[in-house]
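This report is written for a reader who meets the structure here for the first time. Please look over the sequence and the model before reading on.

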Amino acid sequence: MGKNAPAFGFWTWGANITVKVYILTPDFNNSDLPYLLTPLQSWNAVAEATLSGVTFEYRGATSAPLYCENCLTIMRGPVFDGVKRHATELRAYSARRDQIMTWAHIVVDPVLTNPKALTNAIAHELGHNFGLLDCYTCKQKSTVMNQFKAPNVPNDMEGPTACDVAQVKSAYKELSIRVRPSPQAIEVVDEGEEPVDDDTPVVIRKPF
Ligand SMILES: [Zn+2]
């Protein structure tokens with residue numbers, strides 16, 4: 001913990017909300033569905049322990065990415081650039097221009113096809129949904145925010161660790177006192193990360 005725990009305080013869901021989760025079709029195979037949903041359950045299981053009170057509720061398929069309040073769309077799109085090891089990223093928007101997301105998209109690169117690696121990647125991206133940053137200096141398996149050894153290779157991390165729960169708990173304790181501005185307005189000091197591997201969530205403008 002301490003230095004070797006993922007930094008928190010970045011993009012996050014508001015406390016005690018239900019996030020409506022949709023999966024963009026036909027981006028994934030039906031057989032992928034349980035692998036995409038398993039990490040949502042893993043994070044739901046710690047909703048009380050983290051003090052977030054945030055739970056994910058799978059609402060079904062969608063034919064277009066959604067921009068509704070507290071909506072999370074899981075979809076495919078180009079992410080992997082052949083250099084960085086991340087093949088997924090979080091895209092988020094805050095109508096209030098603060099760290100609390102109005103909507104979010106988890107974008108999964110087409111190279112990521114291994115079902116177990118899909119589970120691991122979604123578990124990791126959900127960590128970003130709770131304000132955690134990547135922690136490449138953290139001990140292997142101590143956090144779901146570890147770096148992946150390679151894209152499309154499972155890392156056996158299906159959900160948050162005790163360390164992740166503790167960090168998210170700290171994040172929501174802070175959130176109850178103050179809400180930070182949107183992450184792009186913050187100078188992200190994250191010495192443990194290689195810049196090329198950084199998949200710090202980015203903001204995209206709300207489309208018309
Ligand atoms: Zn990441």
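The following paragraphs treat the overall fold, the nonpolar core, the cysteines, the cavities and two individual residues.

**Overall fold**

The model is a predicted one. Its protein chain contains 3 helices and 6 strands. Read from the N terminus, these elements follow the order β-α-β-β-β-β-α-α-β. The chain has 208 residues, of which 54% count as buried. Among the contacts with a separation of 6 or more, 77% are made by residues 24 or more positions apart.

**The nonpolar core**

In soluble globular proteins, nonpolar side chains tend to be buried together. In this model, the largest nonpolar core comprises 41 residues, and W13, W43, F56, L72 and I74 have the most contacts inside it. Two or more residues each come from the strands β1 (18-24), β3 (71-76), β4 (88-93) and β5 (103-108), and from the helices α1 (33-44), α2 (115-129) and α3 (162-175). The greatest contribution is that of α2, which supplies 6 residues.

The surroundings of I74 illustrate how distant parts of the sequence are brought into contact. Apart from its neighbours within four places in sequence, I74 touches V21, Y22, I23 and L24, and also F28, L36, I106, V108 and I122.

**Cysteines**

A disulfide is a covalent bond between the sulfur atoms of two cysteines. A search of the whole structure finds 2 of them. With the bonded cysteines numbered in sequence order, the pairing is 1-2, 3-4. The table sets the two links side by side.

| Disulfide | S to S distance | Torsion about the S-S bond | Handedness |
|---|---|---|---|
| C68 and C71 | 2.0 Å | -110° | left-handed |
| C135 and C138 | 2.0 Å | about 90° | right-handed |

The two partners of the first link in the table fall into separate exposure classes. C68 is partly exposed, because its relative accessibility is 30%, whereas C71 is buried, with a relative accessible area of 0%. In the other link, C135 is buried at 5% relative accessibility, and C138 is buried with a relative accessible area of 4%.

Why does C163 form no bond with the closest cysteine sulfur? The closest cysteine sulfur belongs to C138 and lies 5.9 Å from that of C163, which is too far for a bond. C163 is itself buried, with a relative accessible area of 11%.

**Cavities**

Rolling a probe the size of a water molecule over the atoms shows where empty space is left. The structure holds 2 cavities of 30 Å³ or more.

The largest cavity has a volume of about 60 Å³. Its lining consists of R85, H86, A87, T88, L112, A117, A121, F148, A150, P151, N152 and V153. By class, this lining has 8 nonpolar residues, 3 polar residues and 1 charged residue.

The second largest cavity encloses about 40 Å³ of space. The residues around it are G9, F10, T12, Q99, F130, G131, A171, Y172 and L175. Here the lining is made up of 5 nonpolar and 4 polar residues, with no charged residues.

**Two individual residues**

Q99, one of the residues that line the second largest cavity, is placed in the loop between β4 and β5. Is Q99 buried or exposed? Q99 is buried, because its relative accessible area is 3%, under the 20% limit for that class. Leaving aside neighbours within four places in sequence, Q99 is in contact with G9, F10, W11 and T12, and further with L175, R178, V179, R180, P181, S182 and P183. Of these contacts, G9, F10, T12 and L175 also appear in the lining of the second largest cavity.

P115 lies in helix α2, the element that gives the most residues to the largest nonpolar core. P115 is partly exposed, at 29% relative accessibility. Beyond neighbours within four places in sequence, P115 is in contact with D32 and Y35. P115 and L33 are separated by 82 residues in sequence, yet their C-alpha atoms are 9.1 Å apart in space.

How values were computed:
Residues numbered from 1 in each chain as written. Predicted model: local features only at pLDDT ≥ 70, side-chain atom pairs only at ≥ 80, totals over all residues. Heavy atoms only, no water. 1 Å grid on protein atoms, 1.4 Å probe; cavity = no way out; pocket = protein on both sides within 12 Å on 5 of 7 lines; lining within 4 Å. Points joined across faces, edges and corners; volume = space filled by probe spheres on them. Nonpolar A, V, L, I, M, F, W, Y, C, P; charged D, E, K, R; others polar. Core = buried A, V, L, I, M, F, W, Y, C linked by side-chain atoms within 4.5 Å. Buried < 20%, exposed > 50% of the residue type's maximum accessible area, 1.4 Å probe, protein only. Helix = DSSP H or I, 4+ residues; strand = E, 2+ residues; numbered from the N terminus. Contact = heavy atoms within 4.5 Å. Disulfide = S-S within 2.5 Å.
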